[in-house]
Amino acid sequence: DDGILCGNGYIKNNAGVNMDFDFLLKAKLPFEMQKTDSPQVLIYHTHTSESYMDEDVDYYYESYYSRTQNTDYNVTSGGDILAKTLNEKGITTLHDSTVHDSTYSGSYDRSMQTIQSIMEHNEDIKVVIDIHRDAIGSDTYKVKPVFEYNGKQGAQIMIMSGCDIDGEMGF
């Protein structure tokens, strides 16, 4: 209810900065994607073990634990599909599935180390995408956010994004 409608999706702006998202989403990128063998997109996961249920029901089982190292059910499966799709479109993409959340505390610091290491060896990367499973609720009440597209249901994801063209923000 507190998201900003942009096109067919919602943006939740937690930065507290007033932005014209419709304008920004339609604006020309400050870089060009090129046909090259060198990766231009990096996909990774700060919370690698965030997972999805394997069946479509309207509730969570009381015993359901929302994290797993099984890559068939965690966010790396979505990262695999996105990387494959981008690669097929000619956008060379590197998907890193390093586990950063073996302990939840410090996972952002560990993922930043991974990004910096990858970027040192892949200077053509222009876009970095951190895919999360979007969990909504509390310890006692959870909501399964899903969407429908072309008659099929899918799990909602959260993509952490930002842009730092001049390097001022350090990412």
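Here is a friendly round of questions and answers about the structure above.

Reader: Before we start, what kind of model is this, and how are its residues numbered?
Author: Residues are numbered from 1 along each chain as its sequence is written, and side-chain values use heavy atoms, with hydrogens and water left out. Local features need pLDDT of at least 70, side-chain atom pairs count only at pLDDT 80 or more, and totals for chains, interfaces and linings use all residues, as this is a predicted model.

Reader: How many helices and strands are in the chain?
Author: Helices (H or I, at least four residues) and strands (E, at least two) are DSSP runs, numbered from the N terminus. From that end on, the elements run β-β-α-β-α-β-α-β-β-β-β-β-β. The count for the chain is three helices and 10 strands.

Reader: What percentage of the residues count as buried?
Author: Buried means under 20% relative accessible area, exposed over 50%, and partly exposed in between, with a 1.4 Å probe and protein chains only. The chain has 171 residues, and the buried share is 27%.

Reader: What share of the contacts with a separation of 6 or more joins residues 24 or more positions apart?
Author: A contact means heavy atoms within 4.5 Å. Among contacts in the chain with a separation of 6 or more, residues 24 or more positions apart account for 59%.

Reader: Which residues form the largest nonpolar core, and which elements supply at least two of them each?
Author: A nonpolar core is a set of buried Ala, Val, Leu, Ile, Met, Phe, Trp, Tyr and Cys residues joined through side-chain atoms within 4.5 Å. In soluble globular proteins, nonpolar side chains tend to be buried together. The largest core here has six residues: Val-41, Ile-43, Ala-83, Leu-86, Ile-129 and Ile-131. The elements that each supply at least two of these residues are β3 (41-44), α2 (76-88) and β5 (127-133).

Reader: Does the length of α2 agree or disagree with what its residues should span?
Author: The expected span of a helix is 1.5 Å times one less than its number of residues. For the 13 residues of α2 that gives 18 Å, and the end C-alpha atoms are 18 Å apart, so the two agree.

Reader: Which residues of α2 are buried, and against which strands do they pack?
Author: Thr-76, Gly-79, Ala-83 and Leu-86 are buried in α2. They cover an arc of only 85° around the axis (taken from the directions from the helix axis to the C-beta atoms), which puts them on the same side of α2. On the other side of α2, Ile-81, Lys-84 and Glu-88 are exposed. The buried residues of α2 pack against β3, β4 and β5.

Reader: Why do the buried residues of α3 lie on the same side?
Author: An α-helix has 3.6 residues a turn, so residues three or four places apart point the same way. In α3, the buried residues are Ser-107, Ser-111, Thr-114, Ile-115 and Ile-118. They are on the same side of α3 because they cover an arc of only 100°.

Reader: Which residues are exposed on the other side of α3?
Author: Helix α3 covers residues 107-121. What covers its buried residues includes β3, β4 (93-95) and β5. The exposed residues on the other side are Asp-109, Gln-113 and Glu-120.

Reader: With which side chain does the side chain of Ser-107 make a polar contact?
Author: Ser-107 is buried, with a relative accessible area of 2%. A polar contact is a pair of N or O atoms within 3.5 Å; within protein, one must be able to donate a hydrogen and the other to accept it, and residues adjacent in sequence count only if both atoms are side-chain atoms. Leaving out residues up to four places away in sequence, Ser-107 touches Thr-46, His-47, His-100 and Asp-101. Its polar contact, at 3.1 Å, is with the side chain of His-47.

Reader: Is His-45 buried or exposed?
Author: His-45 sits in the loop between β3 and α2. Not counting residues up to four places away in sequence, the residues that His-45 touches include Val-75, Thr-76, His-95 and Asp-130. With a relative accessible area of 0%, His-45 is buried.

Reader: And is Lys-28 buried or exposed?
Author: Lys-28 lies in the loop between α1 (21-26) and β3. Its side chain makes a polar contact with the side chain of Glu-32, at 3.0 Å. At 68% relative accessibility, Lys-28 counts as exposed.
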